[in-house]
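Trainee: I have a structure open and I'm not sure how to read it. Can we go through it together?

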Amino acid sequence: MTASDIADRAALLERARAEGRPVEQLTKSEPGLPLEAAYRIQDEGIRLRVAGGDAVAGYKMGLTSEAKMAQMGVREPIAGVLLRSMRAQNAGTFALQGLIHPRIEAEIAFVLGRELRGRVTRDEAAAACDGVAAALEIVDSRFQNFKFTLPDVVADNCSSCGFVLGAVRPMAGLDLKAIPLEMSIDGKAVQRGSSADILGDPVLSLAALASMMAGRGLAIAAGSVVLAGAATQAVPLTPGAQVSLAAGPLGPVSVRAI
Ligand code: OOG
Ligand code: MG
């Protein structure tokens with residue numbers, strides 16, 4: 001794919017996002033879209049948003065749990081970029097106006113104290129973290145019917161839309177393989193899982209992100225927020241919904257959709 005093909009696809013997806021109008025999957029007209037080209041489309045989309053005044057806040061892994069892989073029908077982990085404008089405050093509100101078909105899901109987030117570069121072990125990834133938090137992610141695919149293949153969703157920055165972090169706490173003394181997660185809407189439990197549902201250990205997702213980025217010559221900067229991927233299925237988010245995630249020793253995180 002030429003640079004101008006990449007720029008066209010990125011502009012199409014950015015317009016879909018900005019106008020809240022879904023588009024056909026890129027792979028409908030381009031069945032052989034290479035994954036490497038999809039990541040370049042994602043990069044170009046982020047470049048456009050940063051040029052428009054936004055800033056990179058971190059990264060997200062996706063499709064790292066059986067629940068999500070089964071729900072979306074894509075069985076390979078993906079990596080996307082989080083922007084500053086996507087962040088909402090814990091116990092605050094999140095505006096749905098202009099979104100296409102938003103969903104919300106239960107996540108574990110890491111905050112990096114130092115840069116993570118190259119292929120790293122689980123313990124090296126853990127050592128680079130300042131802390132960990134329970135988190136909620138809002139995803140909103142720019143594709144019709146929330147349907148995509150692996151290159152489509154990568155090009156679409158992995159459906160990134162919003163995120164909320166609970167209190168960030170030190171990792172020492174926490175068993176990150178056994179954090180119970182229960183997401184409720186308007187006080188009613190809608191999804192239950194465990195941090196173990198994320199690749200067996202969410203820190204492995206952070207290490208996998210570092211490796212994926214290293215493969216593209218990139219590093220995860222100090223200060224980045226990294227979402228490890230949802231432990232459970234995503235559920236539709238509608239105006240007025242009060243969403244909360246109970247996460248045992250990590251403490252709760254909540255947001256109200258408006
Ligand atoms: C793709 C993004 C997946 C996760 O946590 O698995 C994701 C999607 O489901 O729209 O964020
Ligand atoms: Mg997610």
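Trainee: Let's start with one residue: is E105 buried or exposed?

Mentor: Keep in mind that this is a predicted model. Buried means under 20% relative accessible area. E105 has a value of 3%, so E105 is buried.

Trainee: And E137, buried or exposed?

Mentor: E137 is at 0%, so that residue is buried as well.

Trainee: Which residues coordinate the magnesium ion (ligand 2)?

Mentor: For a metal, look for the atoms that reach it. Here E105, E107 and E137 each use OE, at 1.9 to 2.0 Å. Along the sequence, the donors follow the spacing E-x1-E-x29-E. That links distant parts of the chain: E105 lies in strand β5 (residues 103-112) and E137 in strand β7 (residues 129-139), 32 residues apart.

Trainee: Now the pockets. What is the volume of the largest pocket?

Mentor: About 270 Å³. It is lined by 16 residues, and Y39, Q42, M213, R216 and L218 are the closest to its centre.

Trainee: Which element supplies the largest share of that lining?

Mentor: α3 does, with six residues. By class, the lining of the largest pocket has eleven nonpolar, two polar and three charged residues.

Trainee: How much space lies in the second largest pocket?

Mentor: About 210 Å³. Of its 13 lining residues, R17, R49, L99, R142 and C161 sit closest to the centre. Two or more residues of this lining come from each of α1 (3-19) and β8 (160-165). The classes here are six nonpolar, three polar and four charged.

Technical notes. Residues numbered from 1 in each chain as written. Chains lettered and ligands numbered in written order. Predicted model: local features only at pLDDT ≥ 70, side-chain atom pairs only at ≥ 80, totals over all residues. Heavy atoms only, no water. Donors = N, O, S within 2.8 Å, 3.2 Å for Na, K, Ca; no water. Helix = DSSP H or I, 4+ residues; strand = E, 2+ residues; numbered from the N terminus. Buried < 20%, exposed > 50% of the residue type's maximum accessible area, 1.4 Å probe, protein only. 1 Å grid on protein atoms, 1.4 Å probe; cavity = no way out; pocket = protein on both sides within 12 Å on 5 of 7 lines; lining within 4 Å. Points joined across faces, edges and corners; volume = space filled by probe spheres on them. Nonpolar A, V, L, I, M, F, W, Y, C, P; charged D, E, K, R; others polar.
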